[in-house]
Amino acid sequence: MIPRVGKLTAVERKLFNSILMSSISQFNEHREKSGSGLDGNHTYSAPADELLDVIEVGESNLKGSLRKYMLSLRRSEVEWDAPDAKSGVIWSNTTVLPRAEMELRNGRLWARWKLSDELTEAISNTKEFPFTRLDLAQIAKLKSYTAVALYEICARYRNNFLKGGDGICLTSASEPEWWVDALTNVLPKVDKKTGEVQRREWRKVKSEAVQKAMEEINKETDLDVDLIEKKENRSVVLVQFSVRQKRGTSREVQTGHFDLIKTGLRMGIAQARIETALLSNSPAEVSFALAKFEGRFSKKEMPPIEKPNTYFASILKNIEPIDIVADKVKTAEQAPAPVDPVKADLAAKHSLLRDEFMAMPDTIKAQFAQKAIAALRERRMSTPRMIDNANNGVWAPLLLAEMLNTFTKEKDFALTTQSNP
């Protein structure tokens with residue numbers, strides 16, 4: 001986010017993050033209750049202390065200056081720039097808050113605001129406009145504007161792991177001029193005669209602001225960042241940052257979310273990717289996407305998934321909205337037909353035998369697999385792939401059914417022999 005009109009302070013940028021997080025929460029809550037989102041004419045609102053508590057640290061009191069901060073956001077215009085995006089919106093220009101006001105409700109100060117059409121579209125379509133969840137408690141610890149801006153950027157790359165980098169991630173690599181705009185809140189001057197933009201030199205911005213910002217981030221937050229410069233003929237041509245996640249303290253995670261996160265981690269999907277998905281999708285939708293991912297992941301005859309996070313995101317993007325509802329109570333007309341006790345007894349017996357078989361060691365099941373393959377081969381129903389997969393412990397449905405059939409027959413024979421010595 002690069003300011004183009006107005007000058008945002010560190011506090012105002014943190015406040016905007018808090019407002020945007022509150023807007024997303026209100027939008028999702030409304031969509032869950034009504035089944036539809038909110039348009040650009042909707043006015044969001046929240047108690048002032050709720051917006052400020054998450055960005056206030058120490059003995060500071062921001063409430064007294066809230067009107068000034070809201071007015072600054074109201075007058076600001078920013079550019080959204082995604083230098084390494086491969087698709088979708090890569091640049092956008094928008095006002096921050098088209099409308100901002102404050103009111104008293106039962107003696108309590110509330111803030112009210114509207115979002116721009118661009119931001120409303122972004123939070124209503126998170127599959128087309130994915131966002132990174134920022135930890136406002138971490139940002140609250142930062143004092144300088146450059147530190148806040150740099151942390152926001154680095155946090156988006158905390159899962160962009162470098163191969164063989166021992167937990168090190170990398171931001172995008174961009175020209176020094178891009179970083180000067182992204183990390184400072186002073187608008188560059190424009191030469192009236194030539195129209196050329198006159199930015200401050202990268203080396204000066206680095207020594208005066210960026211190095212101090214890195215020290216601040218490394219000391220106060222959950223990230224360790226370091227500067228990487230690529231030079232040609234002693235001139236810096238590309239700048240990027242390495243990012244390393246510090247060991248964090250324990251935090252609360254919902255039980256249902258925790259199970260989904262564990263499922264994703266077992267298949268190589270990053271925890272942050274699952275948590276971000278749960279912010280913009282229902283648990284049912286994320287669970288369904290994980291099930292589809294697992295279906296592809298478990299196919300050992302196919303090549304491994306090279307980019308689990310990207311593949312999971314592509315599945316999630318195509319998942320239709322899902323609402324889990326209670327089962328309908330069956331009426332008398334819908335009541336099932338009477339169950340045949342003989343068939344029910346056979347079904348129960350088959351279920352018990354199946355459970356017993358599946359609990360047996362793989363070495364025993366492999367023996368039944370060979371017997372089943374021999375039986376299928378006699379009936380010309382086996383295939384080379386089926387045989388090859390069976391040798392690797394992967395059983396096709398037809399083979400597994402024959403294995404259970406063979407096991408059942410041997411079990412019945414053994415019981416018959418015992419009862420008729």
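This is a short tour of helix packing and empty spaces in the structure you have open. The model is predicted, so please read each stop as a description of that model.

**Stop 1: helices 7 and 8**

Start by selecting residues 176-183, which form helix 7, and residues 202-220, which form helix 8. Look along the two axes: they lie 10 Å apart, and the helices pack at an angle of about 35 degrees. Helix 7 passes helix 8 in a left-handed crossing.

Now show the side chains where the two meet. On helix 7, pick Pro 176, Trp 179, Val 180 and Leu 183; their partners on helix 8 are Trp 202, Val 205 and Val 210. What classes of residue make up this contact of helix 7 with helix 8? It has 7 nonpolar residues, with no polar and no charged ones.

**Stop 2: the second largest pocket**

Keep those two helices on screen and add residues 145-155, helix 6. Helices 6, 7 and 8 each supply at least two residues of the lining of the second largest pocket. Helix 8 gives the most, with 4 residues.

To find the middle of this pocket, select Val 180, Thr 184, Val 186, Arg 200 and Val 205, which lie nearest its centre among 18 lining residues. You met two of these at the previous stop: Val 180 of helix 7 and Val 205 of helix 8 also take part in the helix contact. The space in the pocket comes to about 240 Å³. Colour the lining by class and you should find 8 nonpolar, 4 polar and 6 charged residues.

**Stop 3: the largest cavity**

Thr 184 and Val 186 also lead to the next stop, since both appear in the lining of the largest cavity. Select them together with Ile 2, Pro 3, Arg 4, Asp 181, Asn 185, Leu 187 and Pro 188 to complete that lining. Which element gives the most to it? Strand 1, residues 2-5, does, with 3 residues.

About 30 Å³ of space lies in this cavity, and a search of the whole structure finds 1 cavity of 30 Å³ or more. Its lining divides into 5 nonpolar, 2 polar and 2 charged residues.

**Stop 4: helices 9 and 10**

Move along the chain and select residues 255-266 (helix 9) and 271-280 (helix 10); their axes are 9 Å apart, and the helices pack at about 140 degrees. That angle makes helix 9 and helix 10 oblique to each other, and their crossing is right-handed.

For the contact, show His 257, Leu 260, Ile 261, Gly 264 and Leu 265 on helix 9, then Gln 271, Ile 274, Glu 275 and Leu 278 on helix 10. The classes here are 5 nonpolar, 3 polar and 1 charged.

**Stop 5: helices 11 and 12**

Finish with residues 283-297, helix 11, and residues 308-317, helix 12. Their axes come within 9 Å and cross at roughly 125 degrees. How do helix 11 and helix 12 lie with respect to each other? They are oblique, and helix 11 passes helix 12 in a right-handed crossing.

Show Glu 285, Val 286, Ala 289, Leu 290, Lys 292, Phe 293 and Arg 296 on helix 11; they meet Pro 308, Tyr 311, Phe 312, Ile 315 and Leu 316 on helix 12. By class, this contact has 9 nonpolar, no polar and 3 charged residues.

Technical notes: Residues numbered from 1 in each chain as written. Predicted model: local features only at pLDDT ≥ 70, side-chain atom pairs only at ≥ 80, totals over all residues. Heavy atoms only, no water. 1 Å grid on protein atoms, 1.4 Å probe; cavity = no way out; pocket = protein on both sides within 12 Å on 5 of 7 lines; lining within 4 Å. Points joined across faces, edges and corners; volume = space filled by probe spheres on them. Nonpolar A, V, L, I, M, F, W, Y, C, P; charged D, E, K, R; others polar. Axes fitted to C-alpha atoms, helices over the stretch in contact; angles between N-to-C directions. Parallel < 35°, antiparallel > 145°, perpendicular 65-115°, else oblique. Left-handed = near helix turned anticlockwise from the far one by under 90°. Contact = heavy atoms within 4.5 Å.
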